[in-house]
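User: Please take a close look at one part of this model and tell me what surrounds it. A connected account is fine.

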Amino acid sequence: MIKYLGSKRRLLDLIGDAVRRLAAGPTVLDLFSGTSRVGHALKGRGYRVVANDHNAFAHTLARCYVAADRDSVEGSARQLIDEFNRLPAAPGYFTDTFCVQSRFFQPKNGGRVDAVREAIAAKLLPPDLEAVMLVSLMEAADRVDSTTGVQMAYLKQWAKRSYNPLQLRLPAMLNAAANRRCQAHHLEALEAASTIEADCAYLDPPYNQHSYLGNYHIWESICRWDQPEVYGIACKRIDCKLNKSDYNSKPRSLPALTELISRLRTPNLIVSFSNEGFIDRSAMEHLLMQKGHLQTIELDHKRYVGAQIGIYNPKGHRTGIASHLRNKEYIYIVSVHPLNLAGLDQRQATPGDKSRLVA
Ligand SMILES: C[S@@+](CC[C@H](N)C(=O)[O-])C[C@H]1O[C@@H](n2cnc3c(N)ncnc32)[C@H](O)[C@@H]1O
């Protein structure tokens with residue numbers, strides 16, 4: 001899967017176990033699905049997952065990893081991957097924007113992205129297969145990028161991996177459990193919360209000012225293939241200036257979450273949030289306690305890779321070091337029924353991480 005800030009890769013077991021303890025039924029709504037790792041893991045545990053994200057690239061990831069079923073697309077996807085891996089480079093918008101005007105990818109790989117993306121468009125594929133091929137292309141590009149994991153800037157010197165040839169692979173799709181076809185939506189979270197019923201909801205909203213559209217604008221442009229006007233050193237899509245999430249705004253984040261929670265049509269709820277976010281723990285607990293019984297799990301872990309590496313200016317010069325290298329992630333678990341989550345905090349942390357359940 002792609003490198004993604006705030007991905008819950010390390011928390012999948014904990015979230016899966018929490019859902020199992022909470023959910024009286026099979027349907028789980030992942031309202032801010034991002035990479036869809038969480039939805040994918042829950043689908044693997046047999047849940048009927050309904051994923052949602054307002055960015056097109058994240059919706060595409062959910063169409064592939066949550067909505068599409070492996071058996072129905074695998075054969076065709078393998079044939080297309082073989083065909084596309086033999087396509088010669090055909091430099092176009094992508095190469096010019098992300099390899100010449102900026103240096104996110106080596107031109108030889110940019111030309112292959114252009115060729116494969118045009119081929120996907122020309123084939124007019126059925127929706128599930130189209131999503132699988134777009135994810136295969138996104139992941140192939142992610143393996144040869146020259147960034148620290150976000151697309152706000154590229155490295156001054158080419159990353160070692162950027163010299164590798166772009167190579168498409170089959171994404172790790174799953175089959176849904178019997179009669180539990182999963183779905184992917186492309187809605188504002190508030191609309192999804194107001195209209196989709198589920199037995200449990202998982203909420204992992206952005207926690208600070210950094211926009212996911214701005215951080216992953218290249219994936220958005222690959223998926224939408226609308227070849228937009230770009231601006232700045234990072235050649236961001238012009239709509240990054242307009243399409244903002246309330247969760248990226250300090251004054252709007254808590255009111256937005258408050259309204260969202262009030263609209264949710266689920267008896268059980270799990271919320272992930274960082275201690276570095278706009279909503280502090282006491283405000284979050286105050287909000288969630290109005291919805292039902294609450295328990296909070298506190299996880300202490302390493303900050304994202306950028307903080308480990310240091311702070312750089314756009315020219316690639318180191319201008320500072322991060323003030324701290326560890327942070328806390330809170331998992332808030334809420335139910336209309338009394339909770340018994342004893343033991344849930346015992347086994348989920350990766351080495352070096354610490355966790356504790358706080359009633
Ligand atoms: C912290 S990430 C989710 C990470 C995800 N749980 C994972 O493991 O990959 C937050 C996601 O919320 C999405 N998002 C932000 N604001 C939104 C909104 N108002 N409605 C729907 N999705 C939103 C972003 O596109 C981003 O993918």
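Analyst: What follows deals with helix 10 and its neighbours.

The model is predicted; local features need pLDDT of at least 70, side-chain atom pairs count only at pLDDT 80 or more, and totals for chains, interfaces and linings use all residues. Residues are numbered from 1 along each chain as its sequence is written, and side-chain values use heavy atoms, without hydrogens or water.

Start with the helix pair. Helix 10 (residues 217–224) packs against helix 7 (residues 127–143) at about 145°. Their axes lie 10 Å apart (lines fitted to C-alpha atoms over the stretch in contact; angles run from 0 to 180 degrees between N-to-C directions). Helices are DSSP runs of H or I, at least four residues; strands are E runs of at least two. Trp219, Ile222 and Cys223 of helix 10 meet Leu134, Leu137, Met138, Ala141 and Asp142 of helix 7 (heavy atoms within 4.5 Å). Seven of these contact residues are nonpolar, none is polar and one is charged.

Helix 10 also helps cover helix 3 (residues 56–67). All 12 of the 12 residues in helix 3 are buried (under 20% relative accessible area, 1.4 Å probe, protein chains only). Among them are Phe57, His59, Arg63 and Tyr65. The cover also includes helix 2, strand 2 (48–52), helix 7, strand 3 (183–185) and helix 9.

Next, the second largest pocket. Helix 10, helix 2 (37–44) and helix 9 (212–215) each supply at least two lining residues. The lining has 36 residues; closest to the pocket centre are Tyr4, Phe32, Asp53, Pro206 and Tyr212. By class, 14 lining residues are nonpolar, 13 polar and nine charged.

Methods:
Ala, Val, Leu, Ile, Met, Phe, Trp, Tyr, Cys and Pro count as nonpolar, Asp, Glu, Lys and Arg as charged, and the others, Gly among them, as polar. On a 1 Å grid over the protein atoms alone, a cavity is a set of points where a 1.4 Å probe fits but cannot get out, and a pocket is an open set with protein on both sides within 12 Å along at least five of seven lines; lining residues have an atom within 4 Å of a point. Buried means under 20% relative accessible area, exposed over 50%, partly exposed in between (1.4 Å probe, protein chains only).
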